[in-house]
Amino acid sequence: MPWRRATDRSMSVRVIPLVDARRPVVAPADAPAQAPTGSLLDRLGRPLTDLRISVTDRCNFRCSYCMPKEVFDKDYRYLPHADLLSFEEITRVARLFVQHGVRKIRLTGGEPLLRKNIEGLVEQLAQLRTPDGKALDLTLTTNGSLLARKSKALKAAGLQRVTVSLDGLDDAVFRAMNDVDFPVAEVLAGIEAAQAAGLGPIKVNMVVKRGTNEQEILPMARRFRGTGVVLRFIEYMDVGATNGWRMDEVLPSAEVVARIAAEFPLVPLEASAPGETAQRWAYADGAGEIGVISSVTQAFCQDCSRARLSTEGQLYLCLFASRGHDLKPLLRGDASDAQVLSAIGHIWQGRADRYSELRALREPDTGDGGPRRVEMSYIGG
Ligand code: SAM
Ligand code: SF4
Ligand code: SF4
């Protein structure tokens, strides 16, 4: 496994994603050959319904809250290609997760559209069926930079929807936030191409950083209301160990909602699915809806049914985990489907992660306590 550098602003250390040695990855010999499927619950009674698969740890943007330039520079060692799960390995493990109850798969990264022939993977995943014969909810999160070029092929391959990250409409603000001088017009063209290709309803995610792009909240709301695009505001999170997170840069979702409601009255909506991360609000005049994802100010761990698979096959049980469970030896060895199923089942059954809830119980701090956490660009959002 390669050494991967992850530094913060003040120190330089080398870390590698670790396998959690406290829990067995392969089921013990006396365990049933196959863990119960379809009704898997973790230690807090949460089912496994949602799988996020990171397909690359590379990105063409350097958003300061995710891949700050000073860390992810020309010397940064990304995963070598041989370490990435192949499309066949991803599809196999996804099929087994579906047997365990997963109904929604989101491709992410890094920037997933940078993975060569990503539509080939979409095509394979789109063939998967739930035990009762239904197609999965198959979606992808992208920075939108390649969407104008790729939308049609993604749709043809069987992708249902996309979520596009966009942190503002003002070109100068957007170029500064992606930190590679990428123009906002190209992302907007990508969103339009995705809409035209039928990859909707499209969600647009805006990470709000107080003092950086909060002035973009209302222009974004004005731009997307009435278009069918669901705009979602994400609280800036203390993920990873490199973004220099500070609580005073978090703009609470309640304030976002208040600012929008002052111009466009809003009414609360019910969650559309159990475990949904966003709280939904409808424009009172019928011009659509917005969502807010309040991971910092209103933890939603109690409904968290998401597992995350890294590009190299590490299974993470929480966005804030410091360790993963390495499935690659099983996928590359001669483990049978039943053995891989059993391993996944046991890992999930041992899960008690609830980082955001625990954070809420602590005094606000700089987010640097505890073991070094995995980077967002490594396991995806
Ligand atoms: N590159 C793709 C993109 O940007 O959409 C997919 C990967 S990115 C890691 C997934 C999501 O995580 C994006 O919507 C991004 O805005 C969000 N994200 C990254 N770092 C974050 C942070 N510190 N706080 C909140 N959201 C973050
Ligand atoms: Fe890249 Fe997405 Fe991270 Fe921005 S948020 S640096 S686009 S992976
Ligand atoms: Fe899920 Fe972890 Fe986020 Fe809580 S902190 S909602 S357990 S990913």
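This passage looks at the surroundings of ligand 1 and of two residues, Glu249 and Leu315. The model is predicted, so local features need pLDDT of at least 70, side-chain atom pairs count only at pLDDT 80 or more, and totals for chains, interfaces and linings use all residues. Residues are numbered from 1 along each chain as its sequence is written, and side-chain values use heavy atoms, with hydrogens and water left out.

A good place to begin is the ligand. Around ligand 1 there are 20 residues (a heavy atom within 4 Å), of which Tyr65, Gly110, Ser165, Met237 and Met376 come nearest. One nitrogen–backbone pair joins ligand 1 to a polar atom of Tyr65 at 3.1 Å. At 3.2 Å, a nitrogen atom of the ligand faces an N or O atom in the side chain of Glu111, and an oxygen atom of the ligand lies 3.2 Å from a polar backbone atom of Thr142. On its own, ligand 1 has 550 Å² of accessible area (Shrake-Rupley method, 1.4 Å probe), and the protein covers 94% of this.

Turning to Glu249, this residue sits in the loop between strand S9 (230-235) and helix H7 (253-263) (DSSP runs: strands E, at least two residues; helices H or I, at least four). Glu249 is buried (under 20% relative accessible area, 1.4 Å probe, protein chains only) yet has no salt bridge (a side-chain nitrogen of Lys or Arg within 4 Å of a carboxyl oxygen of Asp or Glu). The nearest side chain of opposite charge, Lys209, is 4.2 Å away.

Leu315, in strand S14 (residues 314-316), counts as buried because its relative accessibility is 2%.

Terms used
Chains lettered and ligands numbered in written order. Buried < 20%, exposed > 50% of the residue type's maximum accessible area, 1.4 Å probe, protein only. Lys, Arg positive; Asp, Glu negative; His and termini not counted. Polar contact = N/O pair within 3.5 Å; in protein donor to acceptor, adjacent residues only side chain to side chain.
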